[in-house]
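Hi,

Here is the structure I said I would send over. Have a look at it first, and my notes follow underneath.

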Amino acid sequence: PNSEELKLLKDHIESFPDFPSPGILFRDIFSVFRNQSASQALHSLLKSYALSLKGQIDVVFAIESRGFLFGPYIGQVLGIPFVPIRKKGKLPGVVERLEYGLEYGTDCIEVQEDGGKVGQKALIVDDLIATGGSLTASCQLLKTLGVEVVECFVIMELADLNGRQKVPSKVVSLLQF
Ligand code: PRP
Ligand code: ADE
């Protein structure tokens, strides 16, 4: 990727200590969209990334909610469908559901069962990987559709947390923190 664009992008990601809870340094992707040149850099980086996948992917999935900022655009550049993965009870029609364990309690994600066909190659998109829990659960959920997750793509990776080790698929990140 273009190193000037990467620098511009990184310089415009605001960090908020102790949000949403003590000890968390929150990386706010939305701050990028307040700045025209950073926003353009992100757009250009996403386009180049998407074009590098041309012919290799059949369908793009993204994780609620910040993944929805990028999934539809990547799908459009590649000329393939975009399909959302959402928290329980938000998607109409017939859905596949996965319940998974968190540090405390459980979470539940869903995808529409006609969102992917058996044997299709998929990309999953999100803004950030921390523990890797969301991407890992999404990979598992898509397995129930018979879809093959070829790659996961995030803008930001919290490298110290080693989330990519948990994910049963290749993980590509634009920026590492
Ligand atoms: C954030 C982020 C990723 C996830 C990463 O989403 O957008 O989806 O956490 O963390 P993990 O790698 O430890 O799973 P959040 O659950 O805050 O939801 P939001 O995008 O709707 O704000
Ligand atoms: N999701 C999980 N950890 C996060 C962080 N540090 N900043 C933004 N989103 C997150």
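β7 gives the most to the shell around ligand 1, contributing four residues. This is a predicted model, by the way, so please read everything below in that light. β7 spans 121–129, and along with α4 (133–143) it is one of the elements that each supply at least two residues of that shell.

In total, 13 residues surround ligand 1, and the closest are Asp126, Asp127, Thr131, Gly132 and Ser134. What is the make-up of the shell in nonpolar, polar and charged residues? It divides into three nonpolar, five polar and five charged ones.

On to the polar contacts, which you'll probably want to click through. An oxygen atom of ligand 1 lies 2.5 Å from an N or O atom in the side chain of Asp126. For Ser134, a side-chain N or O atom is 2.6 Å from an oxygen of the ligand. Gly133 takes part through its backbone: a polar atom there is 3.5 Å from a ligand 1 oxygen. On its own, ligand 1 has 500 Å² of accessible area, and the protein covers 71% of that. The space the ligand takes up is also the largest pocket.

Last, a word on α4. This helix is mostly covered, with eight of its 11 residues buried. Those buried residues are Gly133, Leu135, Thr136, Ala137, Ser138, Cys139, Leu141 and Leu142. So Gly133 shows up twice in these notes: it is buried in α4, and its backbone has a polar atom 3.5 Å from an oxygen of ligand 1.

Cheers

Terms used: Residues numbered from 1 in each chain as written. Chains lettered and ligands numbered in written order. Predicted model: local features only at pLDDT ≥ 70, side-chain atom pairs only at ≥ 80, totals over all residues. Heavy atoms only, no water. Near = heavy atom within 4 Å. Polar contact = N/O pair within 3.5 Å; in protein donor to acceptor, adjacent residues only side chain to side chain. Areas by Shrake-Rupley, 256 points an atom, 1.4 Å probe, with all protein chains shown as cover. 1 Å grid on protein atoms, 1.4 Å probe; cavity = no way out; pocket = protein on both sides within 12 Å on 5 of 7 lines; lining within 4 Å. Sits in = over half its atoms within 2 Å of the grid points. Nonpolar A, V, L, I, M, F, W, Y, C, P; charged D, E, K, R; others polar. Buried < 20%, exposed > 50% of the residue type's maximum accessible area, 1.4 Å probe, protein only.
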